[in-house]
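Work through the exercises below with the model open beside you. Try each task before you read its solution.

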Amino acid sequence: MTQNKFSNQDLAGIFQTIANLLEIKGEVIYKILAYRKAADSLRDYGGSVYDVWQEGNLTDIPGVGKAIAEKIDELYKTGHLEFLDKLSQEIPPSLTEMLEVPDLGPKKVALFWKELDITDLAGLEAAARKGELQNLPGMGAKSEAKVLAGIESLSRRTERTPLWKAWPVAEDLLGKIKQVPGVERAVAGGSLRRMRETVGDLDLLVAAENSSQVMDTFTSLPEVLRVTGKGKTKSSVEFNNGLRAQLWVHPPDRFGTALQYASGSKGHNVRLRELALKRGLSLSEHAFTRQDGSEILCADEEQVYEILGIPWIPPEAREDRGEVQAALDGVLPEFIELSDILSELHTHSTWSDGKVSILDMARAARDRGYKVIAVTDHSPSLGITQGLKIKDIRSQREEIAAAQEALGDSILILQGSEVEIKADGSLDYPDQVLAEFDIVFASLHVSLRQPREQVTQRMINAIQNPNVDVIGHPTGRLIPDREGADLDMEAVFAAATQSGVAMEISAHPERLDLNDIHARQAIEMGIPLSINTDAHSPGELDLMHFGVATARRGWVEARQVINTWEPEKLLSWLRNRG
DNA sequence: GCCGTTTTCGGCCCGACTGTTTTCAGTCG
């Protein structure tokens with residue numbers, strides 16, 4: 001047994017560093033791409049790479065071949081990697097800091113290092129201020145100024161922006177752009193359209209015959225701090241808050257290929273272009289081009305996939321996680337849709353920290369077309385929420401009955417609970433009390449930083465309690481500020497498979513927990529899922545689409561989600577759980 | 001360095017924009 005148990009993330013970081021150093025060294029690009037691809041693949045890998053290593057199956061991981069498998073093996077066996085140690089002596093690792101500066105790539109970084117012996121950001125800034133960069137070959141006064149602007153921009157730069165923050169910003173920008181005369185369509189592409197939990201830059205796409213007025217409007221918006229590029233088809237800006245955006249303008253009859261291209265992911269696009277080549281076509285954002293040079297234009301994105309001979313793949317699933325092959329094989333899942341959701345099972349009322357009464361929440365759920373709502377107020381130990389005391393459970397039941405009577409059979413109201421999984425691993429209500437509720441969520445809110453084994457055992461205790469129906473927002477993470485508990489998800493899912501409990505995908509965009517990768521793993525193990533907003537007010541019921549998007553990113557089908565079941569089926573499932 | 005229903009060798013997506021270049025290199029997505 002070794003203690004060099006590098007996580008998937010750790011390994012991805014190591015191979016990313018190798019790729020960067022090799023790039024500065026001037027290694028052939030395809031070797032670098034191979035390391036990058038392996039890094040991405042390891043980072044996204046659903047299971048534990050360590051376990052795969054123990055089973056001797058490393059090369060089953062996409063992008064991992066003989067050479068990289070041997071390096072992972074060395075890392076797990078010895079704790080370090082001789083190849084990287086040697087490379088670091090040759091190329092100072094601090095050089096990679098400079099790659100973070102916008103518009104600086106491996107060639108320039110190598111140039112600064114070799115010509116001026118600059119090895120880190122501080123040295124680069126000093127040299128730029130002294131005017132030493134502009135005399136280098138291929139450099140000039142403008143390029144030097146750009147380096148300084150880039151360093152400054154780096155200090156301002158936000159980390160990836162949470163989806164929930166980027167979403168309204170994009171909506172606002174698109175609203176302004178749509179007002180420009182001649183704009184036929186304006187939509188978000190990129191990771192925003194794919195509904196990744198965080199977004200790097202905003203990618204905006206416009207259909208218009210003439211681009212100049214759109215570009216002028218975009219680059220002169222009041223919130224724009226500086227314009228980093230402006231052309232006929234593409235412009236890029238940086239906003240005051242550090243966020244960056246780029247805008248493409250394409251003619252309406254080419255909008256399909258353009259939107260497909262701008263939506264990514266990069267890996268997905270590479271797959272499609274490979275597929276196009278096999279069909280004797282070259283695919284770009286402008287069109288398909290036949291070998292004789294003639295073009296096939298696509299006004300709509302569906303046509304792009306049609307010409308490639310595969311079904312349209314929803315943006316959420318375009319992460320190069322096997323979706324193109326699945327499409328070719330005809331085994332893409334029937335991705336769940338928002339309209340499949342019939343019930344909201346995790347909400348709060350004034351009986352704990354919710355903002356409105358049970359009647360108001362139920363009415364709001366009914367108005368959104370739901371057939372069932374469960375009110376799941378907190379248990380008492382979570383102090384700040386003023387949880388529901390045991391002596392009040394009966395009174396709450398009476399209020400639910402009154403609300404039910406007021407709303408008739410337009411919606412079914414369930415009395416649920418979000419019971420706390422306490423730090424000692426016990427639940428916050430005794431079993432006979434839990435048995436009274438129609439549906440029980442068990443959630444972690446406290447002592448999330450316990451060691452892996454301890455917090456995992458707490459979770460497993462809750463999963464094994466027959467009164468618990470759903471594990472709420474399993475890891476307890478908050479995006480971007482709080483990491484989730486260090487759960488051993490393999491062990492958690494194994495226990496869930498045994499007990500038949502459902503796992504939640506919290507639709508609340510600060511949670512999205514389970515995440516896409518864990519959701520996919522869960523359904524592959526046959527674990528039912530439940531998507532809920534955890535709404536504390538009626539307006540938050542509208543966050544459901546974020547949860548559905550996360551499920552789609554995890555290849556989840558409607559039948560695997562208990563919220564899509566007709567009330568009779570849901571109630572019968574709950575009854576059978578005891 | 002990875003990969004394979006045209007390949008175990010020879011490919012590996014393709015174009016926009018900028019700045020430095022008199023025709024292209026570097027960076028980005």
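**Exercise 1. Charges over rings**

Find which ring Arg520 lies over, and at what distance from the ring centre.

Solution. Start with the criterion: NZ of Lys or CZ of Arg must be within 6 Å of the ring centre and within 35 degrees of the ring normal. Arg520 lies over the face of Trp555. The distance to the ring centre is 3.7 Å. Next, take Lys71. Its charged end sits over the ring of Phe83, 4.5 Å from the centre.

Before going on, note the ground rules. The model is predicted, so local features need pLDDT of at least 70 and side-chain atom pairs pLDDT 80 or more, while totals for chains, interfaces and linings use all residues. Residues are numbered from 1 along each chain as its sequence is written, chains are lettered from A and ligands numbered from 1 in the order in which they are written, and side-chain values use heavy atoms, without hydrogens and water.

**Exercise 2. An aromatic cluster**

Classify the ring pairs that Tyr50 forms with Trp53 and with Tyr76.

Solution. Step one is the rule. Rings of Phe, Tyr and Trp (its six-membered ring) pair if their centres lie within 6.5 Å; planes under 30 degrees apart are stacked, over 60 edge-to-face, and the rest tilted. The count by this rule is 10 aromatic pairs.

Step two is Tyr50 with Trp53. Their centres are 5.7 Å apart and the planes make 45 degrees, a tilted pair. Both residues lie in helix α3 (residues 49-55), three residues apart, about one turn of the helix. Helices (H or I, at least four residues) and strands (E, at least two) are DSSP runs, numbered from the N terminus.

Step three is burial. Buried means under 20% relative accessible area, exposed over 50%, and partly exposed in between (1.4 Å probe, protein chains only). Tyr50 is buried because its relative accessibility is 3%. Trp53 is buried too, at 17%.

Step four is Tyr50 with Tyr76. This pair is edge-to-face, with 5.0 Å between centres and 80 degrees between planes. Tyr50 is in helix α3 and Tyr76 in helix α4 (residues 66-78), so the pair ties together parts 26 residues apart in sequence. Tyr76 has 0% relative accessibility and therefore counts as buried.

Finally, assemble the group: Phe6, Tyr50, Trp53 and Tyr76 form one aromatic cluster.

**Exercise 3. The surface near DNA strand B**

Which residues come nearest to DNA strand B, and what share of the strand's atoms within 4 Å of the protein is sugar and phosphate?

Solution. A residue is near the strand if one of its heavy atoms lies within 4 Å of it. There are 45 residues around DNA strand B; Gly65, Gly105, Lys230, Thr233 and Arg273 come nearest. Sugar and phosphate make up 79% of the strand's atoms that come within 4 Å of the protein.

Now list polar contacts (N or O pairs within 3.5 Å; within protein, one atom must be able to donate a hydrogen and the other to accept it, and residues adjacent in sequence count only if both atoms are side-chain atoms).

- A polar backbone atom of Lys107 is 3.2 Å from a phosphate oxygen of DNA strand B.
- A side-chain N or O atom of Asp201 is 3.2 Å from a phosphate oxygen of DNA strand B.
- A side-chain N or O atom of Thr233 is 2.8 Å from a sugar or linking oxygen of DNA strand B.

Elements giving two or more residues to this surface include α2 (29-44), α7 (106-116) and β5 (224-230).

**Exercise 4. Strands**

In what sense do β11 and β12 pair, and over how many bridges?

Solution. Two strands pair if DSSP finds at least two bridges between them. Strand β11 (residues 343-347) and β12 pair in the parallel sense over three bridges. Glu344 stands opposite Ile373 in β12. Seven of the seven residues of β12 (residues 372-378) are buried, so this strand is largely enclosed by the rest of the structure.

Turn to the open sheet of three strands. Its order is β8-β9-β10, with antiparallel pairing. β8 and β10 (295-296) are the edge strands, each with a single partner, so one side of each lacks a neighbour in the sheet. β9 (residues 288-290) and β10 pair over two bridges. Phe288 has Ile296 in β10 as its bridge partner.
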